[in-house]
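Good morning, colleagues. I would like to take a few minutes to go through one structure, beginning with its ligand and then turning to a single residue.

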Amino acid sequence: MITENLKAVKERIQIAADRADRDASDIKLVAVSKTHPVAVVREAIDAGLTVFGENKVQEAERKITELGRDAAEWHLIGHLQSNKARKAVHLFDVIQSVDSLELAERLERICEEEGRDNLSVLVQVDLAGEDTKSGIAAADLAKLVEFLKGCERLSFDGLMVLPPFFDDPEATRGYFRQLRAVRDEVIPGGELSMGMSHDFEVAIEEGSTMVRIGTAIFGAREHNE
Ligand SMILES: *Cc1c(COP(=O)(O)O)cnc(C)c1O
């Protein structure tokens with residue numbers, strides 16, 4: 001099933017890229033494997049997937065320990081609690097969900113303590129002002145970006161957004177466009193992590209360089225968090 005789903009997703013990425021006059025190879029596919037067991041991730045690796053997104057440190061730890069740190073590129077896409085920051089530094093290649101100055105400071109300090117020379121981070125921006133979702137408010141972004149640009153260990157590589165859910169993917173377009181404008185301002189040419197199973201085509205049209213796709217590859221999750 002993963003093989004067929006992956007083929008369909010790649011075709012959809014290609015069509016959206018063509019429509020936007022973009023090169024599909026500029027769009028990284030992050031397979032969101034949260035809630036799925038390690039056997040499924042292994043199957044996905046065998047199907048050719050190389051980048052995985054997990055939203056919980058503990059769950060990711062189990063999978064990464066079993067499959068191996070080098071079996072794939074591992075991205076954290078969920079909120080990172082400060083008491084799990086050290087573990088995250090050990091486990092992940094990219095932390096997409098940096099959402100506060102305090103967290104960034106902590107990650108930089110831990111990288112230094114643990115001798116990690118380079119950790120790629122994206123800043124998750126809260127464009128909707130939703131209390132329930134993590135992400136830094138646009139008003140507080142400048143300070144965080146300034147800190148990240150001065151970091152020796154953290155490599156500030158771009159922005160991520162998790163917009164509110166709408167049935168109609170077109171309704172998300174404004175958020176994607178807004179994130180791109182913020183990106184152009186704070187980190188021109190940086191990564192834009194935006195687009196999920198139901199709206200990644202719109203995100204690609206708006207300039208996404210990383211789509212985070214779970215359901216369209218793995219099928220529905222039993223527990224939706
Ligand atoms: C779960 C999740 C996704 C993937 O969602 P799908 O709709 O299953 O593709 C993407 N990004 C984040 C931050 C998520 O938590």
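Let me begin with T215, which places a polar side-chain atom 2.5 Å from an oxygen atom of the ligand. Please keep in mind that this is a predicted model. The protein covers 92% of the 390 Å² of accessible area that the ligand has on its own.

Two further residues make polar contacts with ligand oxygen atoms. In K34, a polar side-chain atom lies 2.7 Å from an oxygen atom of the ligand. In G214, by contrast, a backbone N or O atom is involved, at 2.8 Å from a ligand oxygen.

Which residues make up the surroundings of the ligand? They are V32, K34, I77, L162, M196, S197, R212, I213, G214, T215 and R221. Sorted by class, this shell comprises 5 nonpolar, 3 polar and 3 charged residues.

I now turn to L6, a residue of helix α1, which spans residues 2-19. Is L6 buried or exposed? Its relative accessibility is 4%, and because buried means under 20%, L6 counts as buried.

What does L6 contact beyond its neighbours within four places in sequence? The partners are L29, A47 and L49. In addition, the C-alpha atom of L6 is separated by 5.6 Å from that of I217, although their positions lie 211 residues apart along the chain when counted as sequence separation.

To summarise, the ligand has 92% of its accessible area covered by the protein, and L6 in helix α1 is buried. Thank you for your attention.

Notes. Residues numbered from 1 in each chain as written. Predicted model: local features only at pLDDT ≥ 70, side-chain atom pairs only at ≥ 80, totals over all residues. Heavy atoms only, no water. Near = heavy atom within 4 Å. Polar contact = N/O pair within 3.5 Å; in protein donor to acceptor, adjacent residues only side chain to side chain. Areas by Shrake-Rupley, 256 points an atom, 1.4 Å probe, with all protein chains shown as cover. Nonpolar A, V, L, I, M, F, W, Y, C, P; charged D, E, K, R; others polar. Helix = DSSP H or I, 4+ residues; strand = E, 2+ residues; numbered from the N terminus. Buried < 20%, exposed > 50% of the residue type's maximum accessible area, 1.4 Å probe, protein only. Contact = heavy atoms within 4.5 Å.
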